[in-house]
Amino acid sequence: MIMSGSSLIRLEEVVQANPDAWFQAYLPGDEPSMIALVERVKAAGYRTLVVTVDANIASNRENNIRAGFSTPLRPSLSLAWEGITHPRWLFGTFLKTIARHGLPHFENNYARRGAPILSQNVLRDFSDRGHMNWNHFRMIRRLWPGHLVIKGILDVRDARLAVDSGADGIIVSNHGGRQLDGTVPPLRVLPGIVQACPEVPVMIDSGFRRGTDVLKAVALGAKFVFVGRPFNYAASVAGEDGVRKAIGLLREEVSRNMAMLGVNGLSELDASYLLPAHPVS
Ligand SMILES: Cc1cc2nc3c(=O)[nH]c(=O)nc-3n(C[C@H](O)[C@H](O)[C@H](O)COP(=O)(O)O)c2cc1C
């Protein structure tokens, strides 16, 4: 489980509940703030830091705009209507969160508390990383004693640079297709990255929905597959029980499909279980 740097609960609380959680950072735009954030994550007791590098500027998410979702959150009639017509969410999530924590803030973008979700400053907090380069990553490597994972790699040359700059693991990801339009599907570039970086675990996410999807990635050399939106959807439908159910479904699919492939362990899978796709002639 990776805790998002954009989350609204303090990272210190989460690591207490789950000492094995990883922390994902969106590094702040200036070096003193980066150093302070890394020190905070270290002091909280996390052992694995994930640095996301594919969201250096805000993308234009037209579906979010169409649905009326904005950052910062702007109170509007349609938002109020959505709240009134979803009482379980209004009382069970939104008002419960305010009662427990006050107005939600982005708690983990900096060493200090970030902006509240309604503040204009939120946009600045999310869009100030366009100048970052590999020297910043190497600096983090010097500061961080634990495992350092880089997330959002899609190119063999970047993967190699990351490992040569001290990454202990790579997550091949296109951010669920939510950043650069027309970007390559991570599965297509996975084998090349696995081959180029044999000394580190190569992991993957973006678009994994079924047990067979997971097995394909493992067969192509992925050591781990992460899932994003399916668990979000499950949480929004049925909270913690929903996420448990979604995990159970995926686990069953992986297990059943392994049986159908005649495979007893994931390590038995390799590319020989797949056929290259040929265009229909
Ligand atoms: C609502 C939402 C918020 C996200 N926030 C973050 C984030 O804070 N940090 C990050 O590294 N990735 C973030 N991502 C990307 C996910 O970590 C992950 O790469 C992606 O969702 C995987 O694709 P999938 O949703 O198709 O499984 C977010 C994705 C979604 C849908």
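These are legends for a set of close-up views of one predicted model.

Residue numbers start from 1 along each chain, in the order its sequence is written. Because the model is predicted, local features need pLDDT of at least 70 and side-chain atom pairs count only at pLDDT 80 or more, while totals for chains, interfaces and linings use all residues.

**View 1. The sheet, strand by strand, is an open one with 7 strands.** The order is S1-S2-S3-S4-S5-S6-S7, and the pairing is parallel. Two strands pair here if DSSP finds at least two bridges between them. As for the labels, helices (H or I, at least four residues) and strands (E, at least two) are DSSP runs, numbered from the N terminus. At the edges sit strand S1 (2-3) and strand S7 (224-225), each pairing on one side only.

**View 2. Strand S3 (residues 48-52) is shown with its partner strand S4 (residues 147-153).** The two run parallel and share 5 bridges. Two of the residue pairs to look for: threonine 48 has histidine 147 of S4 as its bridge partner, and leucine 49 has leucine 148 of S4. S3 is largely enclosed by the rest of the structure, because 4 of its 5 residues are buried. S4 is mostly covered too, with 6 of its 7 residues buried. The burial scale counts other C-beta atoms, placed from the backbone, within 10 Å of a residue's own: 20 or more is buried, 12 or fewer is exposed, and in between is partly exposed.

**View 3. Strand S2 (residues 22-25) lines up parallel to S3.** The pair is joined by 3 bridges, and glutamine 24 has valine 50 of S3 as its bridge partner. Add helix H2 (residues 31-44), and S2, H2 and S3 make a right-handed β-α-β unit. Right-handed, for a crossover, says that with the strands pointing away from the viewer, the path from the first strand over the helix to the second runs clockwise.

**View 4. S4 and S5 form a parallel pair with 4 bridges.** Isoleucine 150 has isoleucine 170 of S5 as its bridge partner. The chain gets from S4 to S5 through H8, in a right-handed β-α-β crossover.

**View 5. Helix H2 packs against helix H7 (residues 134-143).** Two packed helices are described by the angle between their axes and the distance between the axes. For H2 and H7 the angle is about 35° and the axes are 10 Å apart. The axes are lines fitted to C-alpha atoms, for helices over the stretch in contact, and angles run from 0 to 180 degrees between N-to-C directions. H2 passes H7 in a right-handed crossing; for crossings, the near helix is turned from the far one by less than a right angle, anticlockwise if left-handed and clockwise if right-handed. Met34, Ile35 and Val38 of H2 meet His136, Ile140 and Leu143 of H7, where contact requires C-beta atoms, placed from the backbone, within 7 Å. By class, that contact has 5 nonpolar, 1 polar and no charged residues. The classes go like this: Ala, Val, Leu, Ile, Met, Phe, Trp, Tyr, Cys and Pro count as nonpolar, Asp, Glu, Lys and Arg as charged, and the others, Gly among them, as polar.

**View 6. Helix H10 (residues 211-219) crosses helix H11 (residues 229-261) at about 60°.** Their axes are 8 Å apart, and the crossing is right-handed. H10 contributes Gly211, Thr212, Val214 and Leu215, while H11 brings Leu250, Glu253, Val254, Arg256, Asn257 and Met258. That contact has 5 nonpolar, 3 polar and 2 charged residues.

**View 7. Two loop residues, histidine 175 and serine 206, have positive phi.** Most residues other than glycine have a negative phi. Histidine 175 has phi near 65° and sits in the loop between S5 and helix H9 (186-196). It counts as partly exposed, because it has 19 C-beta neighbours inside 10 Å. Serine 206 has a phi of about 100° and lies in the loop between strand S6 (202-204) and H10. With 23 C-beta neighbours inside 10 Å, serine 206 counts as buried.

**View 8. Threonine 85 lies in the loop between helix H4 (77-84) and helix H5 (87-101).** This residue counts as exposed, because it has 9 C-beta neighbours inside 10 Å. From its C-alpha atom to that of threonine 212, 127 residues apart along the chain, the separation is 37 Å.

Methods
Two residues are in contact if their C-beta atoms, placed from the backbone, lie within 7 Å.
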